[in-house]
Amino acid sequence: MARTGYTLPVFAVAAAKAALIHLQKIIQSPSFVTLDLLNENADIPIEQVAIINSVTALAITISDPGDNLDLTRNTPIWSWVKLSPRQVQNQALIVEGGQGIGKTAAGEPAIYRYAHCLFSTNLSPLIPENKTATVRIILPEGIQLAQRTSNEAFGILEGLSLLGTSGISQPLSAEHHLLELRKTLQEKAQIYPHLVFCLGSNGYSVAQQLKIPEDLIVQTGNWLGTLLVEAALNKAKSILLLGYQGKLIKLAGGIFNTSSHLADGKLEIIAAAVAEVGGNMNALSAVLQSKTADNAYRILVELGLASSVFSYLSLKISDRSKKYVKKYTNMDLTIRVILVDRKRGIITQSITNEEIIEYFSYSNIE
C-alpha cells in the first residue's frame, strides 16, 4: 500500500504549536505534537525547537507528503512564535508569512483558509487570555522551490503557498489510487452512458458551474489513457474531457499520463498547433519561450491566434484519444473536450451548450 503523508500547512502548524508549548514550558523540547486536522488527529514529528528569548521561540518540522511526487519532500518549515501583551480585544493569534512564503498579487501572504483554520484550532486554546501569539512561517527553501512550480501562473510570487483543503496528502500518482479510480469508473459506467472526466480542481469547478451532476463526474488524476480504455471496456458511449489546458493538451501529443514527472512537451505541442493553423515564426518562438502554458495562451490571445490554435488542439485531443481507445479495445468511444485556463475560464469546447444539457444534465440521470 502507498503511504499517505501530510500537506504543507500541517507541518507549519505543528512547528508553531511546538514553539508555543515549549515557550510556555508546557512541554520541554517536544519530539512530536498532536494536531487536530479538523476531521482526525495526527502526531507530527518535531525536528528542533529552541527558546530565542523570554517571549520568543522557534521550531522546525520537515515536510513529509508520503508517497506523493511532491517537490516539498524533506523541506524544512520554520515557525517563529512570539507572545506579547494583547493590544486588540479578541486578537489572540496573528499569522504572518516570512521568507519563502509566497505573496498574492495584492501583497498578502499566500496562506489560505484551511491553513488559517488549522492554526486557529490548534493554537488558540494554548494562548493565554491576556496575550497575542504572533506566528511567522518561514520556508528557507521556498523561493528556490517556487521557481520549479507554476505558482506565477496562479499569481503567487516569491515563494510557496500554504494551500489545501485537507491535511492528508493522498498519493494520487500511486498505483493503488488508480485501482480506486477504476472501481469508481466501473460503477458509474454501468449506470450512465455519458460521463465527464474531470482533471484536477479546475475541471471539477467548471463542471459545477455547468451544473453537471456529481453522479456523472469521474476524477481521473493523471491516468487519462488507462481510464479512457476502462470506460470503453465498460460500455460507456461518450466521455467529456474537462480540465486545465496545460494538462489536457498533452493528449494531443500522444501523452496519455499527464503527470509532469513522466512527460511534458506542452509548449512544443502548442507550438506545433500554431504552425498547423498558419502562425509565423515569431509566434512559434514566443510560445516556446513562455514559462507556462497559460503564458503561451495569453500571448496567442494578443496575437489573435488563440481561438484557432486551441480549437485545433481540442479536435486533436479528441482524435488521438479515440485512436488510443480503438487501439487497445477495438471499440469506438465518442470523446468531447472542454479546455479551461488557470482561472477556470473556458478557452474552447468541442461540445455545444445544448449537447451539455442533452448528455450531462440532471435529466440524463433521473
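The following dialogue examines how several descriptive terms are applied to a predicted model of one protein.

Biologist: What does the secondary structure of the protein come to, and what does the C-alpha trace span?

Modeller: The protein has twelve helices and 14 strands. Along its principal axes, the C-alpha trace spans about 70 × 50 × 35 Å. Of the 366 residues, 49% are buried.

Biologist: Why is H22 called buried?

Modeller: Buried means under 20% relative accessible area. H22 has a relative accessibility of 5%, and therefore H22 counts as buried. This residue is placed in helix α1. Leaving out residues up to four places away in sequence, H22 touches I27, Q28, S29, P30, V49, A50 and I51.

Biologist: What makes L38 partly exposed rather than buried or exposed?

Modeller: Partly exposed lies between the limits of 20% and 50%. The relative accessible area of L38 is 42%, so L38 is partly exposed. L38 lies in the loop between β2 (32–36) and β3 (41–45). Its phi is positive, about 85 degrees, although L38 is not a glycine.

Biologist: Why is a positive phi worth noting in such a residue?

Modeller: Because most residues other than glycine have a negative phi. R344 is another residue with a positive value, its phi being near 70 degrees. R344 is found in the loop between β13 (334–340) and β14 (346–349).

Biologist: How do you know that R344 is partly exposed?

Modeller: The reasoning uses the limits of 20% and 50% again. R344 has a relative accessible area of 35%, and so R344 is partly exposed.

Biologist: Why are α1 and α2 called roughly parallel?

Modeller: Angles under 35 degrees count as roughly parallel. The axes of helix α1 (residues 8–23) and helix α2 (residues 113–123) cross at roughly 25 degrees and come within 10 Å. The two helices are therefore roughly parallel to each other. Their crossing is right-handed.

Biologist: Which residues of α1 and α2 meet, and to which classes do they belong?

Modeller: P9, V10, A12, V13, A16, K17 and L20 in α1 meet A115, L118, F119, N122 and L123 in α2. These residues divide into ten nonpolar, one polar and one charged.

Biologist: What makes the crossing of α6 and α11 oblique?

Modeller: Angles of 65 to 115 degrees count as roughly perpendicular and those under 35 degrees as roughly parallel. The axes of helix α6 (residues 224–233) and helix α11 (residues 306–329) cross at roughly 60 degrees and come within 9 Å. That angle falls in neither range, so the crossing counts as oblique. α6 passes α11 in a right-handed crossing.

Biologist: Which residues bring α6 and α11 into contact?

Modeller: G225, L228, V229, A232 and L233 in α6 meet S321, Y324, V325, Y328 and T329 in α11. By class, this contact has seven nonpolar, three polar and no charged residues.

Biologist: What makes a group of residues a nonpolar core?

Modeller: Its members are buried residues of listed kinds, Leu, Ile and Phe among them, joined through side-chain atoms within 4.5 Å. The largest nonpolar core in the protein has 65 residues, and F197, L228, L241 and I270 have the most contacts inside it. Apart from that core lies another, of 44 residues, including L8, L23, L37 and L83.

Biologist: Which residues are in contact with L241?

Modeller: Leaving aside neighbours within four places in sequence, the contacts of L241 include F197, L224, L228, L248 and L251. Also among them are I317, S321, I335, R336, V337 and I338.

How values were computed
Residues are numbered from 1 along each chain as its sequence is written. This is a predicted model: local features need pLDDT of at least 70, side-chain atom pairs count only at pLDDT 80 or more; totals for chains, interfaces and linings use all residues. Side-chain values use heavy atoms; hydrogens and water are left out. Buried means under 20% relative accessible area, exposed over 50%, partly exposed in between (1.4 Å probe, protein chains only). Contact means heavy atoms within 4.5 Å. Axes are lines fitted to C-alpha atoms, for helices over the stretch in contact, and angles run from 0 to 180 degrees between N-to-C directions. Helices (H or I, at least four residues) and strands (E, at least two) are DSSP runs, numbered from the N terminus. Angles under 35 degrees count as roughly parallel, over 145 as roughly antiparallel, 65 to 115 as roughly perpendicular and the rest as oblique. A crossing is left-handed if the near helix is turned anticlockwise from the far one by less than a right angle, and right-handed if clockwise. Ala, Val, Leu, Ile, Met, Phe, Trp, Tyr, Cys and Pro count as nonpolar, Asp, Glu, Lys and Arg as charged, and the others, Gly among them, as polar.
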